[in-house]
There are 2 protein chains.
Amino acid sequence: MVTSRDVAQLAGVSQMTVSRVLQGSSRVAPQTREKVLAAMQQAGYRPHAAARTLRTRRTSTVGVVVADITNPFYPQLLEAVGRALEEAGLRMVLWNAPDPSADGALRALHENTVDGLIFTTATKASAELAEVAGRGDPVVLLHRGLDELDCDQVTTDNLAGGRAVADYLVRCGCSRIGFLRGPELPSTARDRERGFRDRLAELGRPLAPELTADGGFDHDRARAAVRDLLAAAKPPTAVFCANDLTALGAVDGAVAAGRRVPEDVWVVGYDDIAMTAWDSYDITTVRQPIAEMARAAVRLLLERIEDRGLPPRNQRFPSELVVRGSTAHTPES
Amino acid sequence: MVTSRDVAQLAGVSQMTVSRVLQGSSRVAPQTREKVLAAMQQAGYRPHAAARTLRTRRTSTVGVVVADITNPFYPQLLEAVGRALEEAGLRMVLWNAPDPSADGALRALHENTVDGLIFTTATKASAELAEVAGRGDPVVLLHRGLDELDCDQVTTDNLAGGRAVADYLVRCGCSRIGFLRGPELPSTARDRERGFRDRLAELGRPLAPELTADGGFDHDRARAAVRDLLAAAKPPTAVFCANDLTALGAVDGAVAAGRRVPEDVWVVGYDDIAMTAWDSYDITTVRQPIAEMARAAVRLLLERIEDRGLPPRNQRFPSELVVRGSTAHTPES
């Protein structure tokens, strides 16, 4: 490897002078600076990571874009992605930003400050993202997918998960089934709702509009929404929540309204974050295999970094209902 | 701004050729490549972020090192740091890694891929970190401090926080006061314990060894530890936990043991993470002013990036006891 000593010899200056040029010091005469820069170029010397990147076009860094790290699902997912990247000798750069700021991540990919990107919270294919994906650039969607985008995607079968909850609640004889929906755009919220709604309709028990409300993928909003639902003359006896954070809010809303879970109302979430298993919540939910999904996303990304000509791959993991205390009193038990 | 078109004109080649040189394509003759590189240098053209960094030695990126994002305290802190950085026009690079891997972050600083570093979970001053800090390089410790290090630090007065909890529990007439300690190394765990212990001793109520256990800053370990404490012949009637995650585990341990909080046992945490205020937990805790601390850390870092000659600054925020339902039944009430 070429060292600064080699550059100094070639330029006929001291190593200190080379170092000063590297630091952009004003104590080097312009003529000397030119001489040193020419020697660097001649010798092929590159002092820093930034220059190394220019040469190898690899940063060993992968960017991960996430919209809301205060939803405990994402720290769990990020830790799993970080571990999978670490096993591959890569480090993680995190953008905690809503969708519009994904521009920053795309710019980083464009400028080669990251080798690839994993989007965990994409809700729409911006023109920039579509262009990048269309070129076969190393971009993977994880957790939330985008049907309109031809790129590698790793998701859970949220449609089947929503259907499984409908089957479970109807089978258990729940009389008034409610629903706390998520935001409009994420594929997760949309597919869970569609699966739940469609299956309920198929079973002859269509979802009643007065038993649904907006949970917003937000604890406090879900808490308020459930209090409203429970204050009605005919409140729901079971509430399916579009994610676990919403389910935590729903349980807290029931507590705040003086109702018991599951005696007065059942609560079902989605994701199986660690907290749903904690004693104070003990929430029935649909499990996403977080660690496996993270490993799959990293594997697809590494393959695409090596070969941009690969066809888009779509890896969909099965979902699994996990029954806990928030619905434990089934007719069968 | 100089564009690749300018470079092409100057070198007398097509823009496509300039683009190929930039991409390191082998389809460019060595002579042509040299001509293009010379034109780039003459025109002052730099195509990518990496090259821009070499010129300006600024990346507009700050590295943040954190040990455990699955402790909900850290996502809250990171979101606050991210927001403060964004306001300053900077982006955040995250290392989610235990202390040893901070080497990666220090290397990034050394190689100028970040402008500065914020450590949120430092537990010891490695030789590398001490050297970096001693040079006045842009490094700020946030949340956890290191007495032996002469660098900018932003912390809460954990000693006073621990003392305040001792005062509160003794004033409320708690008979058997227990403690779930944290890991040995973090300054937060150490100072909270020291303040709590010293103040209890001053009040003539020294902490009983049989009423203390290791909570490990971990939900499941705290849960198991509290179950053990509550199974004793003379169980604690109040348990102070070295952080909120431990307090969540303590409440769940009490629930699992069939005890009621606060009727059978009081629980006090530390940090005031959002979840402590949620209805299912409703935990008395000591508040850290997370947003203010994050802003202070970013401000100190920006000042140091501008002037490495500044003396080390130590900003310590006051702590504040927040009484909630996990201890609500005070003798005064």
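**Strand S5 of chain B**

I began with strand S5 of chain B in this predicted model, and found that four bridges join S5(B) to strand S11 (residues 314-317) of chain B, the two running parallel. Looking up the individual partners, I noted that B:Val154 stands opposite B:Gln315 in S11(B). I then turned to strand S4 (residues 139-142) of chain B, which pairs with S5(B) in the parallel sense over three bridges, and here B:Leu142 has B:Val154 in S5(B) as its bridge partner.

Is S5(B) enclosed or open? I checked the burial of its residues 152-156 and found that five of the five are buried, so the strand is largely enclosed by the rest of the structure. Both faces are covered, since I see B:Asp152, B:Val154 and B:Thr156 buried on one side, and B:Gln153 and B:Thr155 buried on the other.

**The four-stranded sheet of chain B**

Next I traced an open sheet of four strands in chain B, whose order I wrote down as S7-S6-S8-S9, with parallel pairing. Strand S7 (212-214) and strand S9 (266-268) of chain B stand at the edges with a single partner strand each, so one side of each is left without a neighbour in the sheet. The twist I noted averages 20 degrees from one strand to the next. For one pair inside this order I looked up the register: strand S6 (residues 177-181) and strand S8 (residues 238-241) of chain B pair in the parallel sense over four bridges, and B:Leu180 has B:Cys241 in S8(B) as its bridge partner.

**Helix H3 of chain B**

I then went to helix H3 (residues 30-43) of chain B, which has 14 residues and reaches 20 Å from its first C-alpha to its last, close to the 20 Å expected at 1.5 Å a residue. In H3(B) I found B:Val36, B:Ala39 and B:Met40 buried. These residues cover an arc of only 105 degrees around the axis, which puts them on the same side of H3(B). On the face turned away from that buried side I listed the exposed residues B:Pro30, B:Gln31 and B:Gln42. Just after the helix, B:Gly44 takes a positive phi of about 75 degrees.

I picked B:Val36 for a further look, and why does this residue count as buried? B:Val36 counts as buried because it has 25 C-beta neighbours inside 10 Å, where 20 or more are required. Leaving aside residues up to four places away in sequence, B:Val36 touches B:Val7, B:Ala11, B:Val13, B:Thr17, B:Val18 and B:Val21. I also took the separation of B:Val36 from B:Arg316, which lies 280 residues apart from it along the chain, and the two C-alpha atoms are separated by 55 Å.

**Helix H10 of chain A**

Moving to chain A, I looked at helix H10 (residues 219-230), which has twelve residues and reaches 16 Å from its first C-alpha to its last, close to the 16 Å expected at 1.5 Å a residue. Its buried residues are A:His219, A:Ala222, A:Arg223, A:Ala225, A:Val226, A:Leu229 and A:Leu230. Seen down the axis of H10(A), the buried residues fall within an arc of 170 degrees, so they line one face of the helix. What covers them includes strand S6 (177-181), strand S7 (212-214), strand S8 (238-241) and H11 of chain A.

**Backbone details**

I noted two residues of chain A that have a positive phi although they are not glycines: A:His143, at about 80 degrees, and A:Asp271, at about 135 degrees. A:His143 lies in the loop between strand S4 (139-142) and strand S5 (152-156) of chain A, and is buried, with 28 other C-beta atoms within 10 Å. A:Asp271 lies in the loop between S9 and strand S10 (285-287) of chain A, and with 28 C-beta neighbours inside 10 Å also counts as buried.

For the peptide bonds, I found a cis bond joining A:Val261 and A:Pro262, with omega about 10 degrees, and A:Pro262 sits in the loop between helix H11 (244-256) and strand S9 (266-268) of chain A. In chain B the bond from B:Val261 to B:Pro262 is cis, with omega near 10 degrees, and I located B:Pro262 in the loop between helix H11 (244-256) and S9 of chain B.

**Domains of chain A**

Last, I looked up the domain assignment of chain A, which gives domain 1 (4-47), domain 2 (61-157 + 289-319) and domain 3 (158-288 + 321-327). The C-alpha centres of domain 1 and domain 3 of chain A lie 66 Å apart.

Definitions and conventions:
Residues are numbered from 1 along each chain as its sequence is written. Chains are lettered from A and ligands numbered from 1 in the order in which they are written. This is a predicted model: local features need pLDDT of at least 70, side-chain atom pairs count only at pLDDT 80 or more; totals for chains, interfaces and linings use all residues. Domain bounds come from an automatic or database domain assignment. Two strands pair if DSSP finds at least two bridges between them. Axes are lines fitted to C-alpha atoms, for helices over the stretch in contact, and angles run from 0 to 180 degrees between N-to-C directions. The expected span of a helix is 1.5 Å times one less than its number of residues. A residue is buried if 20 or more other C-beta atoms lie within 10 Å of its own, exposed if 12 or fewer, and partly exposed in between; C-beta atoms are placed from the backbone. The arc is that of the directions from the helix axis to the C-beta atoms. Two residues are in contact if their C-beta atoms, placed from the backbone, lie within 7 Å.
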